[in-house]
Amino acid sequence: MKRILYVPLLTIIFGYMAACSKIVEGLNENPNLPSSASSDLILTGLQVGAITLHSGELTRDAGLWSGYFTGVDRQYFGFYNYLVLNSDFNTHWANAFRVIRNTVVLEETLQEENRAGIILGIGKVMRAHTFGMAASLWGDIPFREAGRYAVYNNPSYESQLNVYAGVQTLLDEAIAELASPIGRPVAGADIFFNGDPDAWTRVAHALKARFYLHTKEYDKAYDHALLGITSPAHAWVAKFMDANGAQNLYFQFYNGNRADDLQTNGSYFFDIMSPTGVSYRGNAKTNETARFNYLVRQRNPGQFVNNTMANGAFSVTAPYPLMSYEENMLILAESAFRTTGFADGLAHLNELRTYYRTGAHIGAAHHAAGFQYDNYVAADFELGGMANVQGLNRDESLLMNILEEKFVVLYSQLESYNDYRRTFNETVALPIPPNTGSRVPQRFIYPQTELDRNPNKPEHIPGIYEQTPVNQ
């Protein structure tokens with residue numbers, strides 16, 4: 001059977017290993033023409049499309065609403081100042097549902113090939129990841145009918161909470177498939193872990209923890225984070241190469257013709273991370289100079305942008321985190337604090353700081369600038385302690401430190417926008433100010449393409465300031 005496999009144009013250079021070169025051959029063909037391909041080839045194309053979605057323009061736009069960037073010109077100026085139209089979200093929506101569509105094509109092809117097991121589990125993890133992130137941004141979205149265009153050309157929407165529940169079920173199914181002894185992709189087809197079921201199982205549990213955090217089911221988040229990415233070696237990252245079109249996507253952006261449009265100076269991130277920032281988070285036990293220099297560089301006087309230089313966090317071949325060890329550890333810290341209390345939350349935070357003392361989270365070329373992450377003790381969060389936050393008690397100050405550390409860890413990633421909105425109305429929340437006015441955007445809005453073409457769209461079309469159901 002012929003099926004359409006949607007692959008973004010950028011992709012196709014992602015045969016970045018010799019072992020993959022034959023696997024990805026043919027992906028550069030017209031994506032609008034029907035094509036038949038093996039499930040291994042479809043898996044590769046699906047994964048490349050997911051990299052484009054989850055590390056590209058979507059993260060820049062979310063970063064403008066998360067305290068990471070300032071938009072100073074053209075489209076970023078409008079987005080930064082909340083001057084957006086439904087049509088501004090057409091591409092984000094299309095890219096997300098292309099990834100979802102390709103997971104459906106993968107599953108249908110596996111059925112035809114009479115294959116299951118590991119490769120099916122990988123596909124389910126990929127689908128759950130994109131569905132969960134799409135639900136976090138838009139709220140109610142198509143789910144069970146999504147990507148099945150032969151049957152559901154105009155898919156119905158389901159509630160955000162139902163989608164999150166479905167995502168958790170998908171991840172459970174993935175974990176079961178990954179435990180199978182059969183169905184490993186051919187060598188090189190899985191560009192992340194080369195078909196390693198143990199690595200994918202850790203990712204699945206870490207994603208379950210992330211999405212349980214979204215729904216504030218902190219006990220479940222903790223349980224799955226314990227089974228998630230508990231070592232830097234297990235991190236889920238997009239890898240790049242120094243070839244035209246295959247470089248780190250932030251490197252491509254900042255080496256293009258719009259590099260001055262998106263800056264870090266003037267942001268909340270700059271204020272707390274720069275040693276010259278008005279709210280620098282360093283103290284007697286914390287020196288962030290090296291990490292700041294690793295993440296950000298001065299492009300021109302007074303102008304700071306993501307560090308795309310050699311040895312920078314966004315250099316030409318720098319990996320981009322999709323689910324990191326640091327994020328998993330901070331899920332453990334926050335969910336432990338919220339369920340079992342101060343001592344356990346502090347222990348997990350200090351476990352991460354112990355890792356930081358190796359300097360492995362910072363490019364070695366930046367170590368000389370200085371880094372320090374001594375373990376905190378309870379007294380540090382008491383009134384007058386170095387980690388106490390003005391106006392907060394000991395326990396609240398620890399939670400604020402955990403949230404702030406995660407904000408730094410997730411720099412230039414989408415997930416921080418979810419944390420910001422999840423804690424927005426709580427006593428302990430990062431004091432990220434609105435870019436303009438007195439309100440902050442609480443969601444991405446539905447694309448104009450969906451409003452024009454899908455008669456099953458929701459009756460109520462929310463604006464950017466309306467919270468998604470899970471955050472109300």
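**Exercise 1. Work out what span helix α4 should have, and check it against the distance between its end C-alpha atoms.**

Step 1: helix α4 covers residues 90-113, which makes 24 residues. (Helices here are DSSP runs of H or I with at least four residues, and strands are runs of E with at least two, numbered from the N terminus.)
Step 2: the expected span is 1.5 Å times one less than the number of residues, so α4 should span 34 Å.
Step 3: the end C-alpha atoms of α4 are 34 Å apart, and that agrees.
Step 4: just after α4 comes asparagine 114, with a positive phi near 60°.

A quick word on what you're looking at: this is a predicted model, where local features need pLDDT of at least 70 and side-chain atom pairs count only at pLDDT 80 or more, while totals for chains, interfaces and linings use all residues. Residues are numbered from 1 along each chain as its sequence is written, and side-chain values use heavy atoms, with hydrogens and water left out.

**Exercise 2. Describe how helix α5 packs on helix α6.**

Step 1: two packed helices are described by the angle between their axes and the distance between the axes.
Step 2: α5 (residues 118-138) and α6 (residues 160-178) have axes 8 Å apart, at an angle of about 160°. (Axes are lines fitted to C-alpha atoms, for helices over the stretch in contact, and angles run from 0 to 180 degrees between N-to-C directions.)
Step 3: that makes α5 roughly antiparallel to α6, a label for angles over 145 degrees; under 35 is roughly parallel, 65 to 115 roughly perpendicular and the rest oblique.
Step 4: the crossing of α5 and α6 is left-handed, meaning that the near helix is turned anticlockwise from the far one by less than a right angle; clockwise would be right-handed.
Step 5: now the contact, which means heavy atoms within 4.5 Å. Among the residues that meet are Ile118, Val125 and Phe131 in α5, and Val163, Leu170 and Leu178 in α6.
Step 6: the contact residues split into 14 nonpolar, four polar and four charged. (Ala, Val, Leu, Ile, Met, Phe, Trp, Tyr, Cys and Pro count as nonpolar, Asp, Glu, Lys and Arg as charged, and the others, Gly among them, as polar.)

**Exercise 3. Do the job again for helices α12 and α13.**

Step 1: the axes of α12 (residues 325-339) and α13 (residues 342-356) come within 6 Å and cross at roughly 160°.
Step 2: α12 and α13 are therefore roughly antiparallel, and their crossing is left-handed.
Step 3: the contact residues include Met329, Leu330 and Phe337 of α12, plus His348, Leu352 and Tyr356 of α13.
Step 4: sorting the residues of this contact gives 12 nonpolar, two polar and three charged.

**Exercise 4. Find out whether arginine 210 and serine 412 are buried or exposed, and what each touches.**

Step 1: arginine 210 sits in helix α7, and its relative accessible area of 2% makes it buried. (Buried means under 20%, exposed over 50%, partly exposed in between, using a 1.4 Å probe and protein chains only.)
Step 2: not counting residues up to four places away in sequence, arginine 210 touches His129, Met133, Leu322, Met323, Glu327, Ile331 and Glu415.
Step 3: serine 412 belongs to the loop between α14 and α15, and at 0% relative accessibility it's buried.
Step 4: leaving aside neighbours within four places in sequence, the contacts of serine 412 include Thr59, Tyr250 and Tyr320.
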